[in-house]
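The report below introduces a structure to a reader who has not met it before. Please look through the sequence and the model first, and then read on.

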Amino acid sequence: MEIVADLTKAINGEYSAIHCYEQLANQSPNTEINNLILEIRNDEIRHYQTFSHLYASLTGNPPSPKQTEQCPADFRSGILASFKDEQETVDFYYQIARKTNNPVIKEAFTQAAADEQNHAVWFLYFMNHH
């Protein structure tokens, strides 16, 4: 099933982001940015839980997440990579939402895509202000 492959990719992407954003938060230049990155990370945790639940309900098994992307070592590279990743994720999630007939999956990915778009804007702000 294509949706299981898409969910697996989404779960791995969220799992990787959760790990990388923790690293970025620790490297952030001030408390404001640290808190904003941790808020973004909380969204990713929520997406991860939602997608894991969907995966389990479709397959009968919990997912086995893997970190599919390495986090850049320095803060500025990390912010740039995160911005690009969020933008690509928006497209990917809307694509999943468009091609499914399952209203629960459609809603989950439409909501997550909107969050990711918001994250991309924040990462752009971090790039331009620090």
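## The disulfide

The torsion about the S-S bond of C20 and C71 is about -90°, so the disulfide is left-handed. The sulfur atoms of C20 and C71 lie 2.1 Å apart, where a disulfide is defined as a pair of cysteine sulfur atoms within 2.5 Å, and a search of the whole structure finds one such pair. This pair links distant parts of the chain, since C20 belongs to helix α1 (residues 2–27) and C71 to the loop between α2 (31–59) and α3 (75–99), 51 residues apart.

C20 counts as buried because its relative accessibility is 12%, and C71, at 16%, counts as buried too; buried means under 20% relative accessible area, exposed over 50%, and partly exposed in between, with a 1.4 Å probe and protein chains only.

## Basis of the model

This is a predicted model, in which local features need pLDDT of at least 70 and side-chain atom pairs count only at pLDDT 80 or more, while totals for chains, interfaces and linings use all residues. Residues are numbered from 1 along each chain as its sequence is written, and side-chain values use heavy atoms, with hydrogens and water left out.

## The chain as a whole

The protein chain has four helices and zero strands, these being DSSP runs numbered from the N terminus (H or I of at least four residues for helices, E of at least two for strands). Of its 130 residues, 45% are buried. The C-alpha atoms fill a box of roughly 45 × 25 × 20 Å along the principal axes.
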